[in-house]
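Reader: I should be grateful for a close look at a single part of this model, beginning with one loop residue and its surroundings. Please then set that part beside the charged pairs, the cysteines and the nonpolar surface.

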Amino acid sequence: MEEINQLTPCFSKRGGLLPVAVQEFGSGQILMMASVDKLALEFTLKNKIAAFYSTSRKKLWVKGESSGNRLLVKKVLIDCDQDALVYQVTLEKGGVCHTLNKQGNNRKACFYRSVNVENQTLEFLEP
């Protein structure tokens, strides 16, 4: 798998789903983690809009379909075993997280806290 140039995602390895890290193209910030099935990956590659498999709703989920917070896909990276992905994206507007900050806006990223490894508490990254 390491040296081929054919896209052959290994969906069978993880029960039909692959993990995908979503990274902001310009800054490199990790925005969210999700899963894709074959249909979601095909939609993403065809439309250049991030789509995922909703594990809670058990169906295709096009990010921003209802909120308008779409993720425009600039690049897709796949690992050496073709069983994990990175979507490099630009945000069309707003943020990707379903949680809201103190101003009532969607947070830009789901990763908005860090773990203090000394005392194992959470620290907010946002101002």
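Author: In this predicted model, T55 is placed in the loop that runs between strand 3 (51-54) and strand 4. Its relative accessibility is 44%, so T55 counts as partly exposed. When residues up to four places away in sequence are set aside, T55 touches L17 and S35. Y87 offers a point of reference for distance: T55 and Y87 are separated by 32 residues in sequence, and their C-alpha atoms lie 18 Å apart in space.

The charged pairs come next. Side chains of opposite charge can pair when their charged atoms come close. Across the whole structure, a search finds six salt bridges. One of the pairings found in the model joins K13 to D83, with the closest N and O atoms 2.9 Å apart. This pair links distant parts of the chain, 70 residues apart: K13 belongs to the segment before strand 1 (18-24), whereas D83 sits in the loop between strand 5 (71-78) and strand 6 (85-91). D83 has a relative accessibility of 3% and therefore counts as buried. K13 and D83 also belong to a network of salt bridges, in which they are linked with R14 and D81.

A second pairing involves the loop that leads out of strand 4. The side chains of E92 and R70 meet in a salt bridge, at 2.9 Å from N to O. E92 lies in the loop between strand 6 and strand 7 (113-116), and R70 in the loop between strand 4 (59-62) and strand 5, so this salt bridge ties together parts that are 22 residues apart in sequence. Both partners count as partly exposed: E92 has a relative accessibility of 39%, and R70 has one of 28%.

Helix 1 supplies a local pairing. E42 forms a salt bridge with K38, and the closest N and O atoms are 3.9 Å apart. The two residues are four positions apart in helix 1, which means that about one helical turn separates them. E42 is partly exposed, with a relative accessible area of 43%, while K38 is exposed, at 53%.

The same helix, spanning residues 38-47, also holds L45. L45 joins L7 and I78 in a nonpolar patch on the surface, and together the three have about 240 Å² of accessible area. L45 itself counts as partly exposed because its relative accessibility is 39%.

The cysteines remain to be described. A disulfide is a covalent bond between the sulfur atoms of two cysteines. The structure holds zero disulfides. C80 is in no disulfide, and the nearest cysteine sulfur, that of C10, is 11 Å away. C80 counts as partly exposed, at 45% relative accessibility. Why is the sulfur of C97 not bonded to the closest cysteine sulfur, in C110? The distance between the two sulfurs is 3.8 Å, which is too far for a bond; the cut-off for a disulfide is within 2.5 Å. C97 counts as buried, because its relative accessibility is 2%.

To return to the starting point, T55 is a partly exposed loop residue in contact with L17 and S35.

Terms used: Residues numbered from 1 in each chain as written. Predicted model: local features only at pLDDT ≥ 70, side-chain atom pairs only at ≥ 80, totals over all residues. Heavy atoms only, no water. Patch = residues over 30% accessible without salt bridge, like charges linked within 9 Å, V, L, I, M, F, W, Y side chains within 5 Å. Areas by Shrake-Rupley, 256 points an atom, 1.4 Å probe, with all protein chains shown as cover. Salt bridge = Lys/Arg side-chain N within 4 Å of Asp/Glu carboxyl O. Buried < 20%, exposed > 50% of the residue type's maximum accessible area, 1.4 Å probe, protein only. Contact = heavy atoms within 4.5 Å.
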